[in-house]
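Work through the exercises below with the sequence and the coordinates open. Try each task before reading its solution.

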Amino acid sequence: MAVFDTPEEAFGVLRPVCVQLTKTQTVENVEHLQTQLRAVSDTALQELQQYILFPLRFTLKTPGPKRERLIQSVVECLTFVLSSTCVKEQELLQELFSELSACLYSPNSPKPAAVSEELKLAVIQGLSTLMHSAYGDILLTFYEPSILPRLGFAVSLLLGLAEQEKSRQIKIAALKCLQVLLFQCDCQDHPRPLDELEQKQLGDLFASFLPGISTALTRVITGDFKQGHSIVISSLKIFYKTVGFIMADEQLRRISKVQAKPAVEHKVAELMVHREADWVKNTGDKLTILIKKIIESVSVHPHWKVRLELVELVEALLLKCSQSLVESAGPLLKALVGLVNDESPEVQAQCNKVLKYFADQKVVVGNRAFADILSESLHSLATSLPRLVNYQDDQGKFCTLSLLLGYLKLLGPKVNFVLNSVAHLQRLSKALIQVLELDVADIKIVEERHWNSDDLSASPKTSAAQPWNQIQRRYFRFFTDERIFLLLRQVCQLLGYYGNLYLLVDHFMELYRESVVYRKQAAMIFNELVTGAAGLEVEDLHEKHIKTSPEELREIVTSILEEYISQENWYLVTCIEAEEMGEELMMKQSGLQAITSGAHTSQITSFPAFSKPSPTICSMNSNIWQICIQLEGIGQFAFALGKDFNLLLMSALYPVLEKAGDQTLLISQVATSTMMDICHACGYDSPRHLINQNSDYLVNGISLNLRHLALHPHTPKVLEVMLQNSDASLLPLVADVVQDVLATLDQFYDKRAASFVSVLHALLAALAQWFPDTGHLGQLQEQSLREEGSHLSRGPATLENSTTAEDIEQFLLNYLKEKDVADGNISDFDNGDEEQSVPPKVDENDTHPDVEPALPVQIQIAMDVMERCIHLLSDKNLKIRLKVLDVLDLCVVVLQSHKNQLLPLAHRAWPSLVHRLTNDDPLAVLRAFKVLRTLGGKCGDFLRSRFCKDVLPKLAGSLVTQAPISARAGPVYSHTLAFKLQLAVLQGLGPLCERLDLGEGDLNKVADACVIYLSAKQPMKLQEAARSVFLHLMKVDPDSTWFLLNELYCPVQFTPPHPSLHRVHLQGTTGQQNPYVANVLHLLRELQ
Amino acid sequence: MAATIPPPPPDPQFVLRGTQSAVHALHFCGGAQAEGRPLLFSGSQSGLVHIWSLQTRRAVATLDGHGGQCVTWLQTLPQGHQLLSQGRDLKLCLWDLAEGRNTVMDSVRLESVGFCRSAILAGGQPRWTLAVPGKDSDEVQILEMPSKTSVCTLKPEADAKPGMPMCLELWQANSSPRPLLLVGYEDGSVALWDVSERKVCSRIACHEEPVMGLDFDSQKARGVSGSAGKALAVWSLDGQQALQVS
């Protein structure tokens, strides 16, 4: 690249230029020289260094006013030369240094001369380059006491520039240069570390500048945020490097008491500083003031890199100057601690690293002074905490709590020194309780209701490592910032981790018991304490800390849990007693569906006697929150204990399950998620699995609570949920509980029938599902029915086609058989049935070794339940009657294979059932028909004659008498009870006739009663229902139905196949006035 | 008539469910013997022995060794890990329960079809004594275990006619190593036998009906017995080995 490699060649080229410059000093000449220099190699340039520098220095030295532009170009040219060469002579270095500094000297003021910014920048860069180009040895000799005045001038010049210039570029350059001057350059050109003596020498020298540097830098650092973060960062760096160098404990330790006489003139000697103890003390005090200022300003600096630099500052000063700056240690630590929870992850990480380093090195814990400082700080913070959290805004609270958290992290196990002081513990707890106070004015929480039961088979979410992080958002009275809540939780967790857990739990338990006002907060604190104590989320800075042992933790959790689920803390008023009224409203609104599908409506809300007369919304809200927090707590306990929590399930599971069915949406949601947490902690797939595996614990809870039903009105509901979610293996466990339920029902049938009937319904539904009819009997019967049906429905078709003799014979036989049965001659059927029903088919599990075969448990239960149903069928409450009819239906299903047990019971239930059919609400009529249908399928013969005798005449009668009324009625009629009854009877009759396999006479009765309703004059709904009756009749007896319909209206003329046969004439009129046309045609079409 | 209605019975702490048939024998094994994990043994009518952990309150194991016949008596040996069960199948089983095993180590054939439960006297030694109802209806047989060698048979004098032994209690006074046996008889009397001399030391008639159960405190030398007549009798033993109704 270089054209001139040898000094000779270069000299030849440069000489004229240098001469020219010496003669006439113009910008052009300087620039000309610089252009030429570019073509010279570094080695050649080094040889000619002095020669080339001469005209440049000459230009600078020439007295008289000079143009700034010229000076600038000279300085730039100088800088160029210096950047390519080394300064090997001390004198040259000193002279150049002075000459360069002088460029910015203004004789009148201490401030830098008022020159152009470009010149300032050039000079600064020149100085910086000069210091870099000096040989290492020469550089050290440069820093001797005699240089002090000149160095001082340069330092103050640079500080002035850094502080007062507008240009950011100059400021940064000045700071960089200062860094170089003070021997702290971080570039790669200074390989040799200083030895102790050199360090001391430099330290002594720089000590003179310390006041100036530190104050000026502090002013820069604490200046406007707008000046840019890089300036602040550089200033901070120089500050802590300089202070850390001059005040380094290691240097100061070696300073002798007596100042060595420096070999310099008196004037310079006066400037020298001797760093003995007094000086250190004084300087340290003054620095403390500056450091405090810096921390105050920088710790809230908006740019994270600045805060990161502060961490560096703290680290450097604490590591190097822990003795000399002992006064500053407190503020420095506080700054560090405050940054532990910085919003920037980088700062956080660095902070944690530094803290961990301190902890590892025992800088903090081992050094008495530091531990004292921390304890003191925490003491004083604890003292002022209640006041602080009271008046500070969110940002202030955040800082304060960050600080608290940091102290806890740093102190580690030593936090107990503070906790052991009653006064401080009280202050700390008071502050926590105060700041955690919830805002309970939100009315929605009370309002939102939970009706449908959740799907319990859902599997816990896979991302549930920290399950409660999805907790319900809560609102606090004293802050809104979510981060503060996070901090508070961390604080509590750390307390739980390091603190004496017994002490803390005892203390907060007192507060918990002391007042309702504290209870929610104390519960939140318990939850976090336990989580922390388990050490699951705590980042430990103190590795040797011994955690609370699992056994201890379990004991503590057990005691908290007991408190949580005790009567007075768990069963709180969460809704008003007028709820029942609300339910009534609900019922009316949702109409018919609510009765068929709404299991919830039958739940009666009543409260323990101790409930307050009129709870306010706020107090109910508060109660809801308390329950939720405690539920969450149980989830957290499970998380903390893991598999160990299994042992607590026997007491915890029942209450949680109970709350999962709570009417308040929030509570049931939280309880469900608590179940998920438990599943997760104890290794269950789903809540259903959890319930199934622990049904023995639940059954115990249920049976105990049934003994005190007044206090636990929701117990039947829990049993219901459990029955719905279990399998047959549960039955042996609940057998005695069912007996308890029945006994209690007998006792309270007037008050709590509703909830018990629900349980019975769930129980029987479960039984019916668990023990499906294994008996062949029912199947056989149905099969035969189907055969008959299909055969008969084929009847007319075969008649029209080729009718074989066998067919006719079969038909006749069937007909005779039916007739026989219809007449009540059922002996052969009975025989067959009895034979088959004698050995009750029993599950292998239930076979008892007893000699006499006992009835299976489920049969016994079903019998007991059916017994109750007989009485409850006539309950005043329609809802209960409906439910009881459903239960009765299920009883029949369960008992179907045990005729010997079923028939007597059916016999006893009959009168009541007849009453329902003939004299009750339409809904009940329909439901009763359903029962009859089931009964008909299971014990048809028994039922048939009774139905025909007791029920059919009444129903047919009423249908006939009502028909003219409904035919004439207007559109409003469909809203009357009479209409609904008609409809119910018509809808019920059809399936029943089919099921009961009625005889011809009775079928005719039915048909006669219903036929009127096929008239187009009847309301549409009734016509439809009547059609459905006939559709069913067709299945039983298609021929007679066909005949009957044709009697009403005959669409075709029948011509006999042979003229010798009589002509068939059916009565049905063909006139257009016949009101039956539409329906008959419709039905006949079906029959084809 | 100011009849005070008696308060309802207190709530149970917990009801252990799942035996599926009537329970006829219970035995508690706690303290040091259980190594901090207290157990309860229950013997059911269906011949099963359930081992309940009182910590989890669940059955941890089920022993089936009596062929479906009612289990009437359960007793652990002092070393733990070994359980004796007596069943209506006229068998006395010795179970090994160490380290989760549940196998029958040994069994003794009983000759009596009565309802009398057996009794043991065991210290820390490997050898222990077992009292079982004997072959003849009024006999009690003493066996040395685990060798099953018959030590003696205690038969009341011919004229005493106390009927069948109904319940047994083997014990040892602090002062002497001689085993003593308390027997409650069908005729309502309680007799104290000196096993090594094979003679009745003392006998009192304290009930009209058969004695159904008895217990004795060797420290205070006092005992109590209950009869089918729903009566309890408290009695004591004086220095001359004589029983006295107190």
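Contact means heavy atoms within 4.5 Å. This is a predicted model, in which local features need pLDDT of at least 70, side-chain atom pairs count only at pLDDT 80 or more, and totals for chains, interfaces and linings use all residues. Residues are numbered from 1 along each chain as its sequence is written, chains are lettered from A and ligands numbered from 1 in the order in which they are written, and side-chain values use heavy atoms, with hydrogens and water left out.

**Exercise 1. Place Leu232(B) and list its contacts.**

Step 1. Find the element. Leu232(B) lies in strand S19 of chain B, residues 232–237. Strands (E, at least two residues) and helices (H or I, at least four) are DSSP runs, numbered from the N terminus.

Step 2. Skip neighbours within four places in sequence. Leu232(B) then touches His207(B), Val224(B), Ser225(B) and Gly226(B).

Step 3. Check one distance. Gly213(B) is 19 residues away along the chain, and its C-alpha atom is 9.5 Å from that of Leu232(B).

Step 4. Is Leu232(B) buried or exposed? Leu232(B) has a relative accessible area of 71%, so it is exposed. The cut-offs are under 20% for buried, over 50% for exposed, and partly exposed in between (1.4 Å probe, protein chains only).

**Exercise 2. Examine the backbone of chain B at Gln20(B), Arg198(B) and Pro146(B).**

Step 1. Recall the background. Most residues other than glycine have a negative phi, and most peptide bonds are trans.

Step 2. Take Gln20(B). Its phi is positive, near 65°, and the residue is not glycine. Gln20(B) sits in the segment before strand S1 (23–29) of chain B. Its relative accessible area is 47%, so Gln20(B) is partly exposed.

Step 3. Take Arg198(B). Here too a residue that is not a glycine has a positive phi, about 55°. Its place is the loop between strands S15 (189–194) and S16 (199–205) of chain B.

Step 4. Take Pro146(B). The peptide bond from Met145(B) to Pro146(B) is cis, with omega about 5°. Pro146(B) belongs to the loop between strands S11 (140–145) and S12 (149–154) of chain B.

**Exercise 3. Describe how H42(A) packs on H44(A).**

Step 1. Set the geometry. The axes of H42 (residues 857–872) and H44 (residues 899–918) of chain A come within 9 Å and cross at roughly 15°. Therefore H42(A) is roughly parallel to H44(A). Axes are lines fitted to C-alpha atoms, for helices over the stretch in contact, and angles run from 0 to 180 degrees between N-to-C directions. Roughly parallel covers angles under 35 degrees.

Step 2. List the partners. H42(A) supplies Met863(A), Met866(A), Glu867(A) and Ile870(A). From H44(A) come Gln901(A), Leu902(A), Leu905(A), Ala906(A), Arg908(A), Ala909(A) and Ser912(A).

Step 3. Sort them. Seven residues of this contact are nonpolar, two polar and two charged. Ala, Val, Leu, Ile, Met, Phe, Trp, Tyr, Cys and Pro count as nonpolar, Asp, Glu, Lys and Arg as charged, and the others, Gly among them, as polar.

**Exercise 4. Profile each chain.**

Step 1. Count elements. Chain A has 50 helices and zero strands. Chain B has zero helices and 20 strands.

Step 2. Get the buried share. In chain A, 53% of the 1088 residues are buried. In chain B, 46% of the 246 residues are buried.

Step 3. Gauge contact range. Take contacts between residues at least 6 apart in sequence. In chain A, 78% of such contacts join residues at least 24 apart. In chain B, 35% of them do.

Key
Parallel < 35°, antiparallel > 145°, perpendicular 65-115°, else oblique.
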